[in-house]
Amino acid sequence: MEIVILAVVIAVVVIGALGGLVVGSRRKKPLPPAPPTTPDITAPPAEPHVGDEAETPREEPRRTIEEVDLPGGATVVEEAPAPPAPAIEVPEPTAGRLVRLRARLSRSQNALGKGLLTLLSREHLDEDTWEEIEDTLLTADVGVQPTQELVERLRERVRVLGTRTPQELRTLLREELLTILVPEFDRTVKTDSNLDTPGIVMVVGVNGTGKTTTTGKLARVLVADGRSVVLGAADTFRAAAADQLQTWGERVGARTVRGPEGGDPASIAFDAVKEGIEAGADVVLIDTAGRLHTKTGLMDELGKVKRVVEKHAPLDEVLLVLDATTGQNGLVQARVFAEVVDISGIVLTKLDGTAKGGIVIAVQRELGVPVKLIGLGEGADDLAPFEPEAFVDALIGD
Ligand SMILES: Nc1nc2c(ncn2[C@@H]2O[C@H](COP(=O)(O)OP(=O)(O)OP(=O)(O)O)[C@@H](O)[C@H]2O)c(=O)[nH]1
Ligand SMILES: [Mg+2]
């Protein structure tokens, strides 16, 4: 009897324990790694499976420029499918940018204008004073030839003027600085092709001058103006270079054509233009690797990039990016680049960080090519069209 009771007790305990285990295991079983009861709201609607994930980016249709919502565009996306696509920025309009950024220019350049005005206001403009004026201009990298011309003209006009009020001197200096900046240069960045193909712009220069940044900023300017842009990452020295450009592009919805690290830059540039043509883009911007003008091999490579791209269509604009802080060495660079790729415009960067704004005058003189854009900071919209009048006003104040 006792054995029977014991057996029953054991049976009950065992069944209970088993039941518990079963329940316990039942409780555990419905908890797979990704519980269906708490759907991941960030997951794309297509519900990719673990194995699919690696494939997804490749399978996805690549984002094309047509999908970009241009400012003022007619299409408004009503549905809110929440794919975690990066928000596309709408860059600032370019009109009046130099005026907005003028404070930066005057901060760094004011010394030049103020210095000149102070010297010119001296009661006796003797030989020493004129020499000081010359030195001030030379220190600001205006260059020997333009400095001499400027001083000669000022001397002559001051002599003719006789008495001089501060206002007269200011007007005089303003006019002469403006003249030496050649205001009649056409400074529009040519991004329109006369053909059926997109406008093609190539950006060149020595290392670290701001080519990629400028290309990115320029893409923003174009997108803000309602143009569609394809970027070509023809800097294959470092994968990071293409990433850097692509990041700029993604911010405004421009796609980037890139190739393998160490690949042939000419073929990437060629592909970028091909892509631009196929996509019906308005402009293709080609960023190139920084190269020292003294390295003939690299300079030849740049010449090749140009020739290969021109199998599609002629380049509409070749922008040489010069770092304003490098001073006179920039002129030597400019000369060599101009020989190899026929520069059509100059971008002077980092003018926010130097008092040597005179390089604008010197470089235009040296190449006979206009400064078209100036960089006034690292911010995305810190690129301005170069306007001689606004520049001179920043130098000497209104
Ligand atoms: N202050 C200031 N910094 C600038 C300006 N333009 C570019 N830079 C900075 O200069 C540095 C170099 O810029 P990049 O655009 O990478 O130069 P890069 O010519 O493409 O360089 P490489 O491709 O290595 O030859 C970055 O830190 C930029 O933010 C400018 O106008 N003002
Ligand atoms: Mg670069």
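## A cavity inside

Let's start with the enclosed space in this predicted model. Searching the whole structure for cavities of 30 Å³ or more turns up one. The largest cavity has a volume of about 40 Å³.

Who lines it? The walls of the largest cavity come from L112, L177, L181, G357, G358, I361, F391 and L395. Sorted by type, that lining has six nonpolar residues, two polar ones and no charged ones.

## The second largest pocket

Now for a space that is open. The second largest pocket has a volume of about 380 Å³. It is lined by 23 residues, and those closest to its centre are G208, T209, G210, K211 and T213.

Two helices are worth finding here. Helix α8 covers residues 211-224 and α9 covers 239-252, and each of them supplies at least two residues of the lining of this second largest pocket. Which element gives the most to that lining? That would be α8, with five residues. As for the make-up of the second largest pocket's lining, 13 residues are polar, seven are charged and three are nonpolar.

## Two nonpolar cores

The largest nonpolar core has 76 residues. If you want to find your way into it, look for M202, V204, I286, I343, L348, L351 and I374, the members that touch the most others.

Take M202 as a guide. What does M202 contact once its neighbours within four places in sequence are left aside? The list runs I286, T288, L302, V305, K306, L315, E317, V318, L319 and V341. There is also a second, separate core of 21 residues, and L218, A254, V283 and L319 are included in it. So L319 turns up twice in this part of the tour: as a contact of M202, and as a member of the second core.

## Around L161

Next, a look at a single residue. L161 sits in helix α6, which spans residues 144-161. Is L161 buried, exposed or partly exposed? Its relative accessible area is 32%, which is neither under the 20% for buried nor over the 50% for exposed, so L161 counts as partly exposed.

Further along the chain, L172 is eleven residues away from L161, and the C-alpha atoms of the two are separated by 9.8 Å.

## A stretch with a record

Finally, residues 370-383 carry a label from a database. An unreviewed UniProt entry lists them under "domain: SRP54-type proteins GTP-binding". In the model, the end C-alpha atoms of residues 370-383 lie 16 Å apart. The span is 43% strand and 0% helix.

Notes:
Residues are numbered from 1 along each chain as its sequence is written. Chains are lettered from A and ligands numbered from 1 in the order in which they are written. This is a predicted model: local features need pLDDT of at least 70, side-chain atom pairs count only at pLDDT 80 or more; totals for chains, interfaces and linings use all residues. Side-chain values use heavy atoms; hydrogens and water are left out. On a 1 Å grid over the protein atoms alone, a cavity is a set of points where a 1.4 Å probe fits but cannot get out, and a pocket is an open set with protein on both sides within 12 Å along at least five of seven lines; lining residues have an atom within 4 Å of a point. Grid points are joined across faces, edges and corners, and a volume is the space filled by probe spheres set on the points. Helices (H or I, at least four residues) and strands (E, at least two) are DSSP runs, numbered from the N terminus. Ala, Val, Leu, Ile, Met, Phe, Trp, Tyr, Cys and Pro count as nonpolar, Asp, Glu, Lys and Arg as charged, and the others, Gly among them, as polar. A nonpolar core is a set of buried Ala, Val, Leu, Ile, Met, Phe, Trp, Tyr and Cys residues joined through side-chain atoms within 4.5 Å. Buried means under 20% relative accessible area, exposed over 50%, partly exposed in between (1.4 Å probe, protein chains only). Contact means heavy atoms within 4.5 Å. UniProt positions are given in the numbering used here, feature names are shortened, and annotations may be inferred rather than shown by experiment.
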